[in-house]
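Thanks for making the time, everyone. I would like to talk through the charged side-chain pairs in this chain and how far each partner is open to solvent.

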Amino acid sequence: MADQLPSRSENFSEWYNTIVQKADLADYGAAKGTMIIKPYGYALWENIQAYLDKRFKKHGAKNAFFPTFIPSSFIEKEKDHVEGFAPNLWLVTAGGGEVLEEAYAVRPTSETTINNTVGKWIQSYRDLPLLLNLWNSCFRYEMRTRLFLRTSEFLWQEGHTFHATWDEADEYARAILFDAYQDFYVNAAAMPVIAGRKSEKEKFPGADITYTLEGLMGDGRALQSCTSHNLGHNFAKSFDIRYLNKNNELAYVASTSWGLSTRSIGGIVMTHGDDKGLLMPPRLAPTQIVIVPIYRKEEEAARVLEAANKIKNDLDDYRVELDAREGLTPGFKYNDWEMRGVPIRLEIGPKDIEKNQVVLVRRDTGEKKFVPIAHLLDEVKTMLNHIHDTLYARAKKFQDDNTFIVDSYDEFKERTAGEGGAGFLMAHWCGDRACEEAIQKETHATIRVIPFDYETEKGKCIRCGNESRGRVVFAKAY
Ligand SMILES: [Zn+2]
């Protein structure tokens, strides 16, 4: 089975497309640009949801639902917003056989419809902060589709919060970035990320500041892994959302929005996978342990399966699958589950039963360990944590090995030449948008993130030679 996969190092893109479908994460939908998420992929998304939802709630956000259809006039109310989303907008122009008087935009994101509504909810400072989160899907017209990375409809969460002051909004946007998103990537997905903000060119249309986490994928391309926006007073002014403050004066609210999507699944695949297939980070893995019963003769089957079932019950706290499929060799099953990236394989046969032991095999290192059944729970717990740590350390080493300090535009062009990724390029930039656009045109690299520790070192812009206040992170990106 493994030999049917394209090589990850030789053809990353084909490897990705093959593994996403072969491991039953997703498939293409019938309508062009759409995606079907299969149960194995959806279980991964549910685990991502569960992890994040808890953290959003800890920060006071409450879940709600807003309609998919948005009067198209709403989208036009915020100038930058409409410009930013126009090229990807889907419109519904007819319903019930009649042409609609006003077309509906199919939610590309919900800022406009939420701002239109919450104006009625927010009257005084006592109504603030208002903290909402939506789990839904959104729709962006796409010419070129890649499963999880770019589809016309994708699943995500979008948070929308409203605060008394700009500073409070800013603090909240940063808190979500660090306490929810960065915590999720590091401690659940085992993915190192660089935190910071976007340039004016790359920020969200309608935001004052866009905060971001950027990851580096296995082919050296960057993936924007989530964003958190301080929208300042922009939407409040467009939708006239004012409240009576403590001095009994009318003031504009400040707002945030923040989102993480099923793109994160693409990120997990591209960060951890290898030539054998997927490699699921243990804390999110739909199946953490697969039990493969081993027997040669039919008369052994009942006894082995009984023991395997008992172990499955003992491991109740974990997500466990017992592969009791008949007529398949253990070797076939090993390859199949390795391809699906299950972190631990547990083998049990007649000899193990006699010795009161099982065999544990790690997906990340291939390491095999005989474990007495009496110690199984402790061993599984430790092993899953070790696998998480190993995956994170590997990904961090890859990121470090592929992060380059670049001080000449010749080297910059050399590193970004060709089809593949270029890693993270730490280079000085003057802060001028025209210069940023020229760099993109000439090299296909964009500024992914202006790190929080920017402005620790002055220098000269890589392209124009003007003063630079610090290094920013360039990359070729998904
Ligand atoms: Zn410049």
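Let me begin with the cut-offs, since the first pair sits around one of them: a residue is called buried under 20% relative accessible area, exposed over 50%, and partly exposed in between. Please keep in mind throughout that this is a predicted model.

In total, 33 salt bridges are counted. The one I would start with joins the side chains of Asp183 and Arg55, with an N to O distance of 2.7 Å, and it links distant parts of the chain, as Asp183 belongs to helix α6 and Arg55 to helix α2, 128 residues apart. Arg55 has a relative accessible area of 21% and is therefore partly exposed, whereas Asp183, at 18%, counts as buried.

A second pair is local: Lys397 and Asp401 lie 4 residues apart in helix α12, which is about one turn of the helix, and their side chains form a salt bridge at 2.6 Å, N to O. Here Lys397 is exposed, because its relative accessible area is 51%, while Asp401, at 44%, is partly exposed.

The third pair is Glu442 and Arg463, whose closest N and O atoms are 3.0 Å apart; this bridge again connects distant parts of the chain, from helix α14 to the loop between β23 and β24, 21 residues apart. Glu442, with 43% relative accessibility, is partly exposed, and Arg463, with 35%, is partly exposed as well.

Finally, beyond these pairs, there is a network of salt bridges that links Asp24, Lys38, Asp323, Arg325, Lys333, Asp336 and Arg340.

Methods: Residues are numbered from 1 along each chain as its sequence is written. This is a predicted model: local features need pLDDT of at least 70, side-chain atom pairs count only at pLDDT 80 or more; totals for chains, interfaces and linings use all residues. Side-chain values use heavy atoms; hydrogens and water are left out. A salt bridge is a side-chain nitrogen of Lys or Arg within 4 Å of a carboxyl oxygen of Asp or Glu. Helices (H or I, at least four residues) and strands (E, at least two) are DSSP runs, numbered from the N terminus. Buried means under 20% relative accessible area, exposed over 50%, partly exposed in between (1.4 Å probe, protein chains only).
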